[in-house]
Amino acid sequence: MNGQEQVILSVQDVHKHFGGLKAVNGVSFQVQRGKITGLIGPNGAGKTTTFNIISGFYRPDAGQVLFNGARIDGLPPHRVFHHGLCRTFQISRELKLMTVMENLLLVPAGQKGENLFASWFLPGQVRAQERTLRAKALEILEFVGLAHLQNEYAAGLSGGQKRLLELARTMMADPQMVLLDEPGAGVNPTLMRRIAGYIRSLATDRGITVLLIEHDMDLVMNVCDWIVVMSSGQKLAEGTPDQVRQNPAVLEAYLGGQNR
Ligand SMILES: Nc1ncnc2c1ncn2[C@@H]1O[C@H](COP(=O)(O)OP(=O)(O)OP(=O)(O)O)[C@@H](O)[C@H]1O
Ligand SMILES: [Mg+2]
């Protein structure tokens, strides 16, 4: 592979403002295929807005986003999803009324989606397909340690278990790349270590590229191969975890952020 093929996502001089507020103000970075990249920065830095631009929820005011070399900026979320780029969502009110297994079975088919049209006319295939989907869902639930809860309602899960269910739903779509917005939010330290392990395994065992936003510095420093730091809508720094840890400007941005 040459250098260009190793880049799966390229964010190029992206801007997004809300009224007079420049939430994202000329941000550029690249994500390497198969790696775990962290997007960090103080509250209000523009991280989630950047995710919303990448995943198609916002159209940038200026700039480009390329996924596997193709422009995806301005595409609606479902089109971005079909390119193989998925983001996690909080389990909605509707999904909370369904079981853990149903939550997975309801994920739309991703890039490798089967031809449902043909199967409507071949009921035997529908049953076979449902069996395949259930087996896949169960394998994923086993991976994230939720298999024993497959028939429980999602509403009854703990905060940490809901994070795992969100991760599991993303995996159902067979993504090439996932965007995780604070996968460790509200999670206890034991579960945090497990989540860190799953994220590592997504990349190393399944070849899924990960871009994650996270405030927990232990998680970020332990799992990320590369870290991009944002502050006030701009990229402040990027580098390996060690380089970022030792960068005085990063510490200053965080301390400044706490005083706001
Ligand atoms: N839809 C919106 N309308 C108006 N302002 C917004 C909107 N979304 C975000 N903002 C503002 O843009 C700035 C960046 O917000 P963003 O959510 O991207 O930050 P963040 O880095 O994800 O922060 P946090 O770590 O707190 O989640 C903030 O000042 C925020 O208030
Ligand atoms: Mg955010």
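**Notebook: ligand 1, helix H2 and the sheet around E4**

I began with the surroundings of ligand 1, and H2 turned out to give the most to the shell around it, with three residues. I keep in mind throughout that this is a predicted model.

**Entry on the ligand shell**

I listed the residues around ligand 1 and found 14, of which Asn-43, Lys-47, Thr-48, Thr-49 and His-215 come nearest. Sorting the shell by residue type, I noted six nonpolar, six polar and two charged residues.

I then looked up polar atoms close to the oxygen atoms of ligand 1. An N or O atom in the side chain of Asn-43 is 2.8 Å from an oxygen atom of the ligand, and a polar side-chain atom of Thr-48 also lies 2.8 Å from an oxygen atom of ligand 1. For Gly-46 the atom concerned belongs to the backbone, an N or O that lies 3.0 Å from a ligand oxygen. Taken on its own, ligand 1 has 640 Å² of accessible area, and the protein covers 62% of this. When I asked which elements give two or more residues to the shell, I found strand E2 (21-32) and helix H2 (47-54).

**Entry on H2 and what follows it**

How many of the eight residues of H2 are buried? I counted seven, so the helix is largely enclosed by the rest of the structure. The buried residues are Lys-47, Thr-49, Thr-50, Phe-51, Asn-52, Ile-53 and Ile-54; Lys-47 and Thr-49 had already appeared in my list of the residues that come nearest to ligand 1.

Past the helix I stopped at Ser-55, which I placed in the loop between H2 and strand E4 (62-67). Ser-55 is buried, because its relative accessible area of 5% falls under the 20% cut-off. A polar atom of the Ser-55 side chain lies 2.8 Å from the backbone oxygen of Phe-51, and Phe-51 is itself one of the buried residues of H2. Leaving aside residues up to four places away in sequence, I found that Ser-55 touches Pro-77, Val-80, Arg-87 and Leu-179. I also noted Gly-56, which follows H2 and has a positive phi near 90°.

**Entry on the sheet**

I next traced the open sheet that four strands form in the order E2-E1-E4-E5, with antiparallel pairing. E2 and strand E5 (70-71) stand at the edges with a single partner strand each, so one side of each is left without a neighbour in the sheet. E2 is thus an edge strand that I had already met as a contributor to the ligand shell.

Within the sheet, I looked at strand E1 (residues 7-18) and E4, which pair in the antiparallel sense over five bridges. Opposite Val-65 in E4 I found Val-11, and opposite Leu-66 in E4 I found Ser-10. On the side towards E5, E4 is joined by two bridges, again with the strands running antiparallel, and here Leu-66 stands opposite Arg-71. The hairpin of E4 and E5 has two residues between the strands, and in it Asn-68 takes a positive phi near 50°.

**Entry on Gln-176**

The hairpin residue Asn-68 led me to Gln-176, since I had noted a polar contact of 2.9 Å between the side chains of the two residues. Gln-176 is found in the loop between helix H8 (159-172) and E7, and at a relative accessible area of 24% it is partly exposed. I also looked up its separation from Ile-199, which is 23 residues apart from it along the chain, and found 14 Å between the C-alpha atoms.

**Entry on positive phi outside glycine**

Where does Glu-182, another residue I checked for its phi, sit in the chain? I placed Glu-182 in the loop between strand E7 (177-181) and helix H9 (189-204). Although it is not a glycine, Glu-182 has a positive phi of about 55°, and with 26% relative accessibility it counts as partly exposed.

Is Ser-232 buried or exposed? With a relative accessible area of 53%, Ser-232 is exposed. I found it in the loop between strand E9 (226-231) and strand E10 (234-239), and its phi is near 50°, a positive value in a residue other than glycine.

Key:
Residues are numbered from 1 along each chain as its sequence is written. Chains are lettered from A and ligands numbered from 1 in the order in which they are written. This is a predicted model: local features need pLDDT of at least 70, side-chain atom pairs count only at pLDDT 80 or more; totals for chains, interfaces and linings use all residues. Side-chain values use heavy atoms; hydrogens and water are left out. A residue is near a molecule or strand if one of its heavy atoms lies within 4 Å of it. A polar contact is a pair of N or O atoms within 3.5 Å; within protein, one must be able to donate a hydrogen and the other to accept it, and residues adjacent in sequence count only if both atoms are side-chain atoms. Accessible areas come from the Shrake-Rupley method with a 1.4 Å probe; for residues, only the protein chains shown count as cover. Ala, Val, Leu, Ile, Met, Phe, Trp, Tyr, Cys and Pro count as nonpolar, Asp, Glu, Lys and Arg as charged, and the others, Gly among them, as polar. Buried means under 20% relative accessible area, exposed over 50%, partly exposed in between (1.4 Å probe, protein chains only). Contact means heavy atoms within 4.5 Å. Two strands pair if DSSP finds at least two bridges between them.
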